[in-house]
Structure formats: structure tokens, C-alpha cells
Amino acid sequence: MSLTTRTEPMENRQLALKVEVAQERVEQELRKAARKLAGQYRIPGFRKGKAPYHIVTQYVGLPALFDEFIEELGQEVYRTAIEQEKIEPYAMAALDIETLEPLTYSFVVPLEPEIDLGDYRSLRVEEEEPVIDEAEIDEQLEAAREQYSAWADVDRPSQYGDTLTIDIKSVIVPADGEDDGGTDDAPDGEQTVVLDETDWDVTLDPDNPMDPPGLDDALLGLSPGDEKEVTLSWPAESQSIYAGKQALFQIKVHKIQSLEKPELNDELAQLIGPDFNTLEDLRNSIRAEMIEAKKAEADESYMEKTLDALVEQSTMVYPPVVVEDQIDAMVNEFDRQLRQYGIDGVSNYLSQIGQSMEEYRESLREQAEIAARRNLVISELYQLEGLEATDEDVEERIQSMFGDVDEEHAEAAEAYRNMMRSDAGRSILGSQILQQKALERLLAIARGEEVPEPVRKPEAAAEGDTPAEAAQSADADDETAASEASEASSEEPEAADEA
């Protein structure tokens, strides 16, 4: 295919590529499209599929002919152009039609990011050891006392939090001018009974007072065996059917129970678990668990701090698609999580909360920028360090994903293992392993530990070299080293895609 190409560098590692297609090729495509459409339309005066080119063009219009091939031809043109110009795109290019006469395509081609980690081997990040405050252990022990609290009879005046077992009866008190206190629910001469309960358990809770107001106060301070009469009223604005009325309450207390915490002693420790003989055993166990949890938090924080320090000292230029790809991954992960909870995907969720996909994607941009920059330095690091995901690494990762599988599920597990051993599965696992190895190497460097010399020496790279070119130029006189670098570089495209 005869193509006329023009390239122009753009900012952020993008390349403007304009491609003009020879008119001869365009004419071939137009006539091919005309023959196809002639077979689809019944053009007056001609049998189906027999109308000549100029008649078909007049009948359907030239734009309809272009529509038949312009996108497909554009993809072919793009593949030919990047091969002709020796362009190595990072991802798919955005395509636009600049003109139809002559037919000119315009592409914005994202190029591989350029990453310079600086003197990353001198990077040092201070690590903070997790500290356990004894007061935190005391809080855990107090929580254990709360958990193992039990109701116990007490012989004292009642207070908030207690549960009282009472007999209670209340009747409406006739207001002045009423004959007998009767209501619509009680015939004349009969009392209106509001409550009549025996062995009724009530808990005095200041946050959930009983009705009518004042009943809690009437029960406070009573002891087992006490009897009491009190007249209480419902406010006129009350939602009760007795709003604006008074009632006489007759109360008798049978028993009072309090939620008692166990003593902080060896017995509590033994109650919590058979592994604890003494309170000190329990305290030490809590301390060990807290140290482990805080160590995990500290490790995560240190990893993020170290990554951010490397990002901060690095120079990087990358195309916008890097961040867009990261946003895509975050949207897909959120969609997966929603479906696990029975929600029909992210689009349905966004429509329910009144947010567009564009708004949601934009809300992720800042977080995606951070993640993308971290991924870029990790990818550059494992290339410069010559780290590899070996077959043994992949197999170990596959086996660790399953552990022991019972006989019933053994066949399915083996099928899944084989799927992960395939090219696609290995690519995913390989990327995960490389990232893990790069993080481990970075943390060792940041801690000042002794680490192996990198296979690919960054100081050997000429200005403008890609990591692969740097690897090939490093130790050029050492045949073995050059062979190892070439072998490692063969994994780069796959790893970059995954990063």
C-alpha cells in the first residue's frame, strides 16, 4: 500500500501521525464498496447488483461508499504506517479522518513512557517500629470484661442500666368533672386499665425512656421488695391514646439485676480461652496480636512511603492513556465488587445515585494518577534490576493459590492450574511476581540492606536509551552478561502491558 506519512512529536509522550492514502487505493475501495451496495439496493433500471459504479455513487452518495470501508482501511493503514515509520506504540492510537480528498487519516499514537529513577540505589527511607501502649492493652482487657459480663441479682437501690422484675398496674385517673374515669374503651363505672403486668422485666435506659414521662424516674432508687404508687401524666401533644390524661401506677419490685463485669484476674483469662492460665498470659497474647497488626500496618505504610519517595525523585513522562487505563481498572474492580454484593454492575449503581460515568471516572483521576506513577516506577525498577518471573516462580504461585484440595475438587483445581499455566494466565502471574520482586528489592534498598548488583546497570545506558537498549549496551564486552540481559528484555513488552 502506497502511503505518505508525516509525524510530529506531541507533549506527554504522544506522536501525531498523519497518513495520506494513494488515490488509486481509495478508488479500489470505493468501487469494491459500490459493488457491495449495488447488491443490497434495487436501483431503478438495473438488475440487483448490476448498476455501474457512477450510478451507484449517484444513488447512495459518496459518503455512504466511504462508510463501508473507512474504519477498516484506517486500521490497515495504521498498522502499515507504524511498521513503515518504525514506531513502537504503547497502546492503541486514537483515529480521526482529516480529509476525504485526498483520504488522510490522523492518529495520536501513545508512546512508551520515559522513566528515569535517578540514583535509586541511594534511596533511604526511615522505618518506624510499631509501638504498643500499655493503655491499648488495658482497653482490650476492658472490652473482654464487657464481652463476658453477666446479669446478677443485686440487693441495692435500682439505677440506670439495671433490669427490674416488677408487678405493675396503672389505671386512668378521672379528671375533675368526670363521673367515673370511663373512656370510650371502658363502660361507665369501670376503670380504664393502661397496664396490668406481673413479673415484668424492664431495663432502665436513659436513652430510651418509657411512656409516660417520669415512669423511669419512679422506678429509680427502688430496692427489691419495695412498693410504690405514683400518678403520672401524658402530655397533651403526646402520640399516645392517653394524651392529656393521668394514670395511677401501682408498682412492686421483686428483684433487680445488674450487668456485672468479671474481675480482671486469672479466672477471666481462663474463661476467654484454654491457652491462658493467667491474666499475664492473656495480656501477652493481646500484646503479640497488636504488635502483629501494627507491624502489618507499618509495613504497608512504609511500602507506600518508599514508593512515593521513589516517585518523587524520579522523572517521568507518559501518555494520558496510562492514567485512563488505570481508571478503567479501578472501574472494573468496583464493578466486580458490586456484583459480589448482588448489585447489577457499576452503571446501574451510578444511575441509582444520580452520577454519570464521566463524573465517576473524574472522581477517580487523582487516585489513578498516584497508582499509575507508582506502577511505572515499579515496572522500570524490575527492568533495571533484571528481575525475572521464572517458571519455578509461576508454579510456586499457582500451587500457593490452592493449597490442599480435596478429592472432590481436585479435577477442577487442576484444570484451573493448567489455565494459569497458559500464556495468558502466566502473563498475569508473571506481572504479579515481577511487581512483588521489585517491591521487595526496593524496600531492601530503602532499608540499606545488601542487595545483588543489577543485571542491567543504569549507568551504562546512553541518554535516550530505552530500558531494553540499556540492557543490551550494558557489559557489552561480557558475552554472558549480554546474553542474560537480552533474555530478560524478551519479557519487557508483556510486563509493560500488565503494568
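**Exercise 1. In which sense do strands β1 and β2 pair, and over how many bridges?**

In this predicted model, strand β1 (residues 3–10) pairs with β2 in the antiparallel sense, and the pairing extends over eight bridges. To fix the register, take threonine 4, whose bridge partner in β2 is glutamate 20; threonine 5 stands opposite valine 19 in β2. The hairpin of β1 and β2 has three residues between the strands, and in this hairpin asparagine 12 takes a positive phi near 60°.

**Exercise 2. Place β2 in its sheet, and determine which strands stand at the edges.**

Begin with the other pairing of β2: with strand β4 (residues 103–110) the sense is antiparallel over seven bridges, and lysine 18 has serine 106 in β4 as its bridge partner. The open sheet of four strands then reads β1-β2-β4-β3, with antiparallel pairing. Because β1 and β3 (94–100) each have a single partner strand, they stand at the edges, and one side of each is left without a neighbour in the sheet. Neighbouring strands of this sheet are turned by 20° against each other on average, direction ignored.

Next, consider what covers the strands. Helix α3 (residues 62–84) lies across β1, β2, β3 and β4, running at about 55° to β4. Strand β2 (residues 14–21) is mostly covered, six of its eight residues being buried.

**Exercise 3. Identify the acidic residues of helix α4 that form salt bridges with arginine 283, and classify the residues involved by accessibility.**

One of the partners is glutamate 134, with the closest N and O atoms 3.5 Å apart; this pair links distant parts of the chain, since glutamate 134 lies in helix α4 (residues 134–147) and arginine 283 in helix α7 (residues 279–313), 149 residues apart. A further partner is aspartate 138, which meets arginine 283 at 3.1 Å, N to O, across a separation of 145 residues, again from helix α4 to helix α7.

For the classification, the cut-off for buried is under 20% relative accessible area. Arginine 283, at 15%, is therefore buried, whereas glutamate 134 at 37% counts as partly exposed, as does aspartate 138 at 39%.

**Exercise 4. How far apart along helix α8 are glutamate 333 and arginine 336?**

The two residues are three residues apart in helix α8 (residues 321–340), so about one helical turn separates them. Their side chains meet in a salt bridge of 2.5 Å, N to O. Glutamate 333 is partly exposed at 32% relative accessibility, and arginine 336 is partly exposed at 40%.

Notes:
Residues numbered from 1 in each chain as written. Predicted model: local features only at pLDDT ≥ 70, side-chain atom pairs only at ≥ 80, totals over all residues. Heavy atoms only, no water. Buried < 20%, exposed > 50% of the residue type's maximum accessible area, 1.4 Å probe, protein only. Pairing = 2+ DSSP bridges. Axes fitted to C-alpha atoms, helices over the stretch in contact; angles between N-to-C directions. Contact = heavy atoms within 4.5 Å. Salt bridge = Lys/Arg side-chain N within 4 Å of Asp/Glu carboxyl O.
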